Amino acid sequence: MDQTPLRPPPGRYGPIPDERRRRAGRAALWVLGALGVAGALWIGVGAARTPVTWTDVGFSLDGADRVEVVFEVARTDPSVPVRCTVQALNQQYAQVGLVEVDVPPATATAVRLSTTVRTSEQAVTGIVDTCVVVDR
């Protein structure tokens, strides 16, 4: 009885695989995988070192000329001051109001704030655009 492995006829399914090509393909996949893991770690470490984050909690429309925005600011070091830019947007997502809010140092890492943004026309939402650490 013959124990040789069965192979398709040469050329039937493309060129016959070459061992060097297989090794090169495997090496390329390992390199791409290592680059992907390194990129994910770089992004993760960068996100972990972000000194301030914010979360929009809600908003309420106070007529056609103002919107009240409630948001939460979290800092890794609560003793650093932060400045947040809060904006009101209309139905076309155009900015119709803007205010900067200074968040003073506190004892808690997370604080909840509320601010009123005056608008030039009817707003449909109010959100925090950015929060940055203020140089002392």
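In the predicted model, strands 1, 2 and 5 make up an open sheet of 3 strands, arranged in the order 1-2-5 with antiparallel pairing. Strand 1 (52–61) and strand 5 (110–118) are the edge strands of this sheet, and each pairs on one side only. From one strand to the next, the twist averages 25°. Strand 2 (residues 66–75) and strand 5 run antiparallel and are joined by 9 bridges. One position in this pairing is Val73, whose bridge partner in strand 5 is Val111. As a general point, the strands of a sheet pair through backbone hydrogen bonds, and the pairing is either parallel or antiparallel.

Another open sheet of 3 strands has the order 4-3-6, again with antiparallel pairing. Strand 4 and strand 6 (125–133) stand at its edges; each has a single partner strand, so one side of each is left without a neighbour in the sheet. Neighbouring strands here are turned by 20° against each other on average, with direction ignored. The antiparallel strands 3 and 4 are joined by 8 bridges. Within this pairing, Val86 has Val99 of strand 4 as its bridge partner.

The 4-3-6 sheet also contains the cysteine pair of the model. The structure holds 1 disulfide, and this link is formed by Cys84 and Cys131, with their sulfur atoms 2.1 Å apart. A disulfide is a covalent bond between the sulfur atoms of two cysteines. The link between Cys84 and Cys131 is right-handed, with 110° about the S-S bond. Cys84 belongs to strand 3 and Cys131 to strand 6, so the disulfide ties together parts of the chain that are 47 residues apart in sequence. Both cysteines fall under the 20% limit for burial: Cys84 is buried because its relative accessibility is 0%, and Cys131 is buried because its relative accessible area is 6%.

Thr85 is found in strand 3 as well. With a relative accessibility of 14%, Thr85 counts as buried, because the term covers values under 20%. When neighbours within four places in sequence are left aside, Thr85 is in contact with Leu98, Val99 and Glu100, and also with Ile127, Val128, Asp129 and Thr130. The C-alpha atoms of Thr85 and Ala74 are separated by 15 Å, although the two residues are 11 residues apart along the chain.

Tyr93 lies outside the strands, in the loop between strand 3 and strand 4 (95–103). The phi angle of Tyr93 is near 65°, which is a positive value in a residue other than glycine. Most residues other than glycine have a negative phi. Tyr93 has a relative accessible area of 69% and is therefore exposed, as the limit for this term is over 50%.

Taken as a whole, the protein chain has 1 helix and 6 strands. From the N terminus on, these elements follow the pattern α-β-β-β-β-β-β. The radius of gyration of the chain is 28 Å, well over the 14 Å that the globule rule gives for 136 residues, so the chain is more spread out than a compact globule. Along the principal axes, the C-alpha atoms fill a box of roughly 90 × 40 × 25 Å. Of the 136 residues, 22% count as buried. Among contacts with a separation of 6 or more, 63% are accounted for by residues 24 or more positions apart.

Confidence in the prediction was also examined. The mean pLDDT of the protein chain is 89, and 94% of its residues reach 70 or more. Among the elements, strand 3 (residues 82–89) has the highest mean pLDDT, at 96, and helix 1 (residues 19–48) has the lowest, at 86.

Technical notes: Residues are numbered from 1 along each chain as its sequence is written. This is a predicted model: local features need pLDDT of at least 70, side-chain atom pairs count only at pLDDT 80 or more; totals for chains, interfaces and linings use all residues. Side-chain values use heavy atoms; hydrogens and water are left out. pLDDT is the predictor's confidence in each residue, from 0 to 100. Helices (H or I, at least four residues) and strands (E, at least two) are DSSP runs, numbered from the N terminus. Buried means under 20% relative accessible area, exposed over 50%, partly exposed in between (1.4 Å probe, protein chains only). Two strands pair if DSSP finds at least two bridges between them. Axes are lines fitted to C-alpha atoms, for helices over the stretch in contact, and angles run from 0 to 180 degrees between N-to-C directions. A disulfide is a pair of cysteine sulfur atoms within 2.5 Å. Contact means heavy atoms within 4.5 Å. The radius of gyration is taken over C-alpha atoms; the globule rule is 2.2 Å times the number of residues to the power 0.38.
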